[in-house]
Amino acid sequence: MKTLTAALLLLALLAGCAPSENTENTDTAASPAAEMQTQAETSEHAGHGETKTDDHVAHGGDHAGHKIFFVTPQDGAKVSSPLKVQMGIEGMDVKPAGELAENSGHHHLIIDGAPIEAGVVVPADETHIHFGKGQTETEVELSPGEHTLTLQFADGYHQSYGPEMSTTIRVTVE
Ligand SMILES: [Cu+2]
């Protein structure tokens with residue numbers, strides 16, 4: 001009889017304590033590790049996030065500190081044909097077309113056209129000239145009169161970075 005009581009007591013103890021102990025152990029074992037991991041990730045991401053947020057805030061509609069511009073001609077210039085065009089970019093790298101590389105691409109000159117929506121492949125025709133070798137300078141022939149010249153930056157697959165990475169000027173060919 002004594003042994004049985006002892007055994008029952010033991011069982012009761014085991015049944016009563018063991019599960020709760022296990023739960024506590026699991027909890028305490030899991031949460032600090034998980035928290036630490038989360039904290040580490042959060043602080044790491046926060047660091048990256050801050051930079052990105054700052055960029056976007058600072059540059060508003062601009063493309064995160066990137067700038068595309070005509071070195072020549074100037075907006076409103078009176079020019080003669082053939083016309084020398086120099087293309088400038090800041091904050092992104094000019095690379096030959098063919099492969100995708102982060103934060104890089106090549107210039108496109110659009111004559112009397114419009115910027116290309118982001119992600120859309122820039123057409124290749126007489127008025128959409130690709131500089132897939134990474135050129136930053138060209139000569140174009142224009143008929144007399146007013147024209148718009150649009151620079152459009154696009155990635156290695158000719159996919160436009162969008163209107164934010166374009167600029168348009170007006171020239172008059174005399
Ligand atoms: Cu292209």
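This passage describes the secondary structure, the strand pairing and the nonpolar core of a predicted model. Local features require pLDDT of at least 70 and side-chain atom pairs count only at pLDDT 80 or more, whereas totals for chains, interfaces and linings use all residues. Residues are numbered from 1 along each chain as its sequence is written.

The protein chain comprises one helix and nine strands, where helices (H or I, at least four residues) and strands (E, at least two) are DSSP runs numbered from the N terminus. The order of elements from the N terminus is α-β-β-β-β-β-β-β-β-β.

Three strands form an open antiparallel sheet in the order β1-β3-β7; two strands pair if DSSP finds at least two bridges between them. Because β1 and β7 (137-140) stand at the edges with a single partner strand each, one side of each is left without a neighbour in the sheet. Five bridges join β1 to β3, and Phe69 has Gly88 in β3 as its bridge partner.

Of the 174 residues, 18% count as buried, that is, with 20 or more other C-beta atoms within 10 Å of their own, C-beta atoms being placed from the backbone. The largest nonpolar core (buried Ala, Val, Leu, Ile, Met, Phe, Trp, Tyr and Cys residues joined through C-beta atoms within 7 Å) has 17 residues. Residues with the most contacts inside this core include Ile68, Phe70, Val85 and Phe153; two residues are in contact if their C-beta atoms, placed from the backbone, lie within 7 Å. At least two core residues come from each of β1 (67-72), β3 (83-90), β5 (104-111) and β8 (145-154), and β8 gives the largest share, four residues.

Definitions and conventions:
A residue is buried if 20 or more other C-beta atoms lie within 10 Å of its own, exposed if 12 or fewer, and partly exposed in between; C-beta atoms are placed from the backbone.
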